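This report looks at a core, the domains beside it and one loop position. Please have the model open while reading.

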Amino acid sequence: MSYFAVENLSLRFGGLHAIRNLSFEVEQGEVFAIIGPNGAGKTSVFNVITRVFTPSEGRVLLRDRDITTLPRHRVVERGIARTFQNIELFESATVLDNLLLGRHRFRHGSVLGQVLWSPAVQRAEDHSRAKAEDIIDLLDLSPYRNTPVASLPYGIRKMVELARALASEPELLLLDEPASGLNPEETRDLAFFIDDIQNDLGITVIMVEHDMSLVGEVADRVLCMNMGEQLAIGPVAEVRAHPDVVAAYLGT
Amino acid sequence: MRFPYDTSYRDSRKLLRYRSDWLAYGILLALLIAAPWILPRFYVGELTYLFIMSVASLGLMLLIGFTGQLSFGHAAFVAIGCYVHVWLLGHGVPLVASLLCAGLFTALVGLLIGLPAIRVSGLHLAMVTLAFSIIVEQVIGRWKDVTGGFTGLTVPRPLLFGFDLGGQRQLYFLCLVVLVLVLLALVNLLRGHTGRAFTAIRDSEAAAQSLGIWTAGYKVFAFAISAGVTGVAGALLAHHVQYVTPEGFGLLLSLELVMMVVIGGLGSLRGAILGAIFISLLPVAISALKPILPTRIGSQFGLEIFVFGLMLALFILFEPAGLNGRWRKLKSLTDYFPLYRKDTFRRGKTYMRSERYR
């Protein structure tokens, strides 16, 4: 009985084993990091959880409910939101619209209501806007509210993507390399934001990350993967000192 | 200079935000209402045609400009809307009901054609729709009992509560009213939940799905609405031409519609209408210019198609954002006059994007 569990997960593409018999559990409210060399299968784990890929074997459980058979667009209804390694924002839309899209799973009135722009629809839009503004405040995005994403610098885009994921009011947040491409200052800010997300919003975070200083700062536990397999799992210092992990990173 | 200053969330969503907007659109509406009494008969007819094409162009814009699905076969939806309307009118259905039914039926056909769109996109979808429009043209040509075949069919007079709307001014106002209603409906749909989902699908399907947008459903829905709106345009077109033959709904019409959308500026309803104005008035402009041109050029066969192609090429090369992009640049020049920066509209660099999740 755990909050979130991956059980005996395998993912094969023909002869390629992206994930081999991987199992781990995440406690509610913790920040759990997945590290490993390139091609270790970290993002594939995320893609299995969010149903981009169907695993060859094994299952994924959230609150003991199997989510391995959900359609891809229903995953967010269970309270799982994610960001992408190579930002997948809606380029032509403004930051605000991106956030409102994050709230897509909350209905904003019937189609007919929308066509007539009924009072009920307007109230729903107001409510979503207020919620989006909360997140804009939380992540300091107010200067960019009405700027199209296409004209924002990389670091801000990363934050917008995080904000969009938060807008869906998740209980489990999957961050795929949130610090890649950020400068040291932005990375420090990100560490604070992740702290806020964990402590103030009470959201459980699983993140794939290469920046060990960030992982050391925010993660409660770490899973190290290599070639689709688990190398080590546990507190950061322990995993960092693990001989297999050192070997995988530095070579033998 | 004008700085946006919102005092409530609703301010930012208003369609006509400033007093000057009310004034501008009020004047436009007044001019359009007065037009049939000011303009010569020929131009009233041209404006009516322009309204009809605007409706069709709005329908196609929803599909291409907002959801990013390409269709080269929208003439087929115009044709279906047209023939269903004529058939219903012929069987004694009242005008308004018949218009709505034509739209609904075309939407249903669009739904069916939209189903392959879940699987194919881009050029492949363009081919599917192209093939569909050829099939529809041929079916209409051969199905003589209902459509009159290639010889054509006379359109019954449009009667509304006993009034004949077939006269030039009456038809002008019928088309204007339909255009305004369609425009308002689409504006509302696109500024809310559904419109956001459409643009999300266009920009990133992977992210759209991760946020709970049922991409397959929305794609087919967009196809249905687009077809329905285009079908209504087809029904109106029947009254404009008064005698319908399948040749009127060939590839050239599809191509014209696509050009309206592209030249107008993808992703904007204003663009759809600007594009429709441009493409519908181009032949008028060309024929007006013909007497001035040297006879060797003016009498060339296919001059119109040549100019169409040239315009499309020039727009794609020099103004990919289309007429709407031009409009926005002019507007921001006047709004921010001393502080206008030319680079505001320069396209930002697109960072690395993966297509792996499709």
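Which residues have the most contacts inside the largest nonpolar core? They are A:Ala163, A:Val205, B:Val55, B:Val78, B:Ala79, B:Val232 and B:Val261. The core itself has 169 residues. Both domain 1 (1-79 + 170-252) and domain 2 (96-168) of chain A give residues to this core, so it lies between them. The model is predicted, and everything here should be read with that in mind.

**Around B:Ala79**

B:Ala79 is one of the core residues with the most contacts. Leaving out residues up to four places away in sequence, B:Ala79 touches B:Val136, B:Glu137 and B:Ile140. B:Gly234, B:Pro246 and B:Phe249 are also among the residues that B:Ala79 touches.

**Chain A as a whole**

Chain A has nine helices and ten strands. Its overall values are set out below.

| Property of chain A | Value |
|---|---|
| Radius of gyration | 19 Å |
| Span of the C-alpha trace along the principal axes | about 65 × 40 × 35 Å |
| Residues that count as buried | 45% of 252 residues |
| Contacts between residues 24 or more positions apart, of those with a separation of 6 or more | 66% |

Does the radius of gyration point to a compact globule or to something else, and what value would be expected? A compact globule of 252 residues would have a radius of gyration near 18 Å. Chain A has 19 Å, which agrees.

**Two domains of chain A**

The domain assignment splits chain A into domain 1 (1-79 + 170-252) and domain 2 (96-168). Domain 1 is written as two segments, with domain 2 falling between them in sequence. Taken over C-alpha atoms, the centres of the two domains of chain A are separated by 27 Å.

How many residues are in contact across the two domains of chain A? Eleven residues of domain 1 are in contact with nine residues of domain 2. On the domain 1 side, helix α6 (residues 184-199) of chain A gives the most, with three residues. By class, that side of domain 1 has six nonpolar, two polar and three charged residues.

**A loop position in chain B**

Where is B:Gly148? B:Gly148 sits in the loop of chain B between α7 (144-147) and β1 (153-154). Is B:Gly148 buried, exposed or partly exposed? B:Gly148 has 19 other C-beta atoms within 10 Å, so B:Gly148 is partly exposed; a buried residue needs 20 or more. B:Thr245 is 97 residues from B:Gly148 along the chain. The C-alpha atoms of B:Gly148 and B:Thr245 are separated by 8.1 Å.

How values were computed:
Residues are numbered from 1 along each chain as its sequence is written. Chains are lettered from A and ligands numbered from 1 in the order in which they are written. This is a predicted model: local features need pLDDT of at least 70, side-chain atom pairs count only at pLDDT 80 or more; totals for chains, interfaces and linings use all residues. Helices (H or I, at least four residues) and strands (E, at least two) are DSSP runs, numbered from the N terminus. A residue is buried if 20 or more other C-beta atoms lie within 10 Å of its own, exposed if 12 or fewer, and partly exposed in between; C-beta atoms are placed from the backbone. The radius of gyration is taken over C-alpha atoms; the globule rule is 2.2 Å times the number of residues to the power 0.38. Two residues are in contact if their C-beta atoms, placed from the backbone, lie within 7 Å. A nonpolar core is a set of buried Ala, Val, Leu, Ile, Met, Phe, Trp, Tyr and Cys residues joined through C-beta atoms within 7 Å. Domain bounds come from an automatic or database domain assignment. Ala, Val, Leu, Ile, Met, Phe, Trp, Tyr, Cys and Pro count as nonpolar, Asp, Glu, Lys and Arg as charged, and the others, Gly among them, as polar.
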